[in-house]
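The following note collects several points on the model for a colleague's consideration. Each point is kept to a short paragraph.

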Amino acid sequence: MGALKSCLRIIGWVPVVFISAVIIWAYFAYVIELCIFTISVEQEQYGVAVLLLIVFHFFLTLFLWSYYKTIFTPHSPVPGEFYLTSDEMQRVESEDRAREQQEVLKEITRDKALPVYTRTFSGGIRYCHNCKIIKPDRCHHCSVCDRCILKMDHHCPWVNNCVGYSNYKFFVLFLMYALFFCLYICISTLPYFIQFWKRDIDHQKASDFQIVFLCLLGFMFALSVLALLCVHIRLVYTNQSTIESFRAPIFRHGPDKDGFSRGSASGNFRDIFGESRGSWCLPVFTTAGDGVNWPIQARDQDSDRLLDDDRDEDLASPGEESPSRDPGQFKESIQAGGTNYNSTNNDVVIPIEPNTDDTVQLVLEAGHIAGQT
């Protein structure tokens, strides 16, 4: 298994190597073939070449910066209190039935006062059997990385890394600057692309074919990145992960896709990109929080917490029993005209409207007062 995992780790870098090779070739085609040989040497438009090179390197720098930050940023570890000790693991594993294991996990969660609000589909504790941890909210186990990732969004093969709490901002910026970079290449090479098809094929040079292919490649990459960027812009403004958009997190009251929303698009954006506007467009870490504690939208946190008992504290709905009351006190307080009290069966009949048959009948019992019309 160790050799297999090593091979899979090596294979995982193939998409990254491919993207890096494409970037190197695009640099050669744009800088050497287009800006130097075509624009500067053949057309002698030095100012145009310098301007194109400045803008090209500006977008390239931001693109590479955000791309490699997405790849190499280490994920924040799950805090130690979420890991089970050897004694706690023994308590869990000693139980044969899943129900009893859940009770033990729930007791451990209460004892440690862990900030856990989300549940499994069956309403139990979210527990990772591989990492031996009680999962924090929005945390999921990645089978490729073989670890639990805080606020896991998805595992991206193009960066050979999980996208989660620690690098999600970098990933969104990577998509944005990749789109800008591809669009800039496509637009700036478009005149030469059109010129290529107007000339006779016998007068074409090898560099012309590279520029044409660069324009087409930039257009195709721009379309694919645009679709993915639009998806993640929506996720940013709703404060959802990709996993949560397909499978809503489970709370005590049930599934809720907006359970972690800040309540506004602006608040959700700042939750990921931070409060400082000057750093929004830079691949530097400014994400709020610690990856473990999350605001719970539009509900009382104490009533949703797994540390609490499972008993509902809601008010009784219509038709259910009212709180306990002393029937003797109620009997003494009946003074309304037209009220008929039967001491044999504790029935009290109260007319709703005079001279009509519409009444309310109350039955007095030792524990409660029940009524019907």
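1. Is Leu4 buried, partly exposed or exposed? The model is a predicted one, and in it Leu4 has a relative accessible area of 46%. Because that value falls between the limits of 20% for buried and 50% for exposed, Leu4 counts as partly exposed. The residue belongs to helix 1.

2. Leu4 also takes part in a nonpolar patch on the surface, together with Leu8, Ile11 and Val14. The area of this patch is about 390 Å². Helix 1, which spans residues 2-12, supplies the largest share of the patch, namely three residues.

3. Which element gives the most to the lining of the largest pocket? Helix 1 does, with five residues. The pocket holds about 560 Å³ of space, and 21 residues line it. Those that lie nearest its centre are Arg9, Val144, Cys145, His155 and Asn160. The elements that give two or more residues to this lining are helix 1 and helix 3 (46-72). Helix 1 therefore deserves attention on two counts, since it gives the largest share of the nonpolar patch and the most residues to the pocket lining.

4. Backbone geometry merits a separate check. Most residues other than glycine have a negative phi. Glu44, however, has a positive phi, near 55°. Its place is the loop between helix 2 (14-42) and helix 3. With a relative accessible area of 54%, Glu44 is classed as exposed, because the limit for that class is over 50%.

5. Lys132 is another non-glycine residue with a positive phi, here near 60°. Lys132 is located in the loop that joins strand 1 (127-128) to strand 2 (133-134). Is Lys132 buried or partly exposed? Its relative accessible area is 24%, and buried would require a value under 20%, so Lys132 is partly exposed.

6. Helix 7 covers residues 206-238 and contains 33 residues. From its first C-alpha to its last it reaches 48 Å, which is close to the 48 Å expected at 1.5 Å a residue. What follows helix 7? The next residue is Asn239, and its phi is positive, near 55°.

How values were computed:
Residues numbered from 1 in each chain as written. Predicted model: local features only at pLDDT ≥ 70, side-chain atom pairs only at ≥ 80, totals over all residues. Heavy atoms only, no water. Patch = residues over 30% accessible without salt bridge, like charges linked within 9 Å, V, L, I, M, F, W, Y side chains within 5 Å. Areas by Shrake-Rupley, 256 points an atom, 1.4 Å probe, with all protein chains shown as cover. Salt bridge = Lys/Arg side-chain N within 4 Å of Asp/Glu carboxyl O. Helix = DSSP H or I, 4+ residues; strand = E, 2+ residues; numbered from the N terminus. Buried < 20%, exposed > 50% of the residue type's maximum accessible area, 1.4 Å probe, protein only. Expected span 1.5 Å × (residues − 1). 1 Å grid on protein atoms, 1.4 Å probe; cavity = no way out; pocket = protein on both sides within 12 Å on 5 of 7 lines; lining within 4 Å. Points joined across faces, edges and corners; volume = space filled by probe spheres on them.
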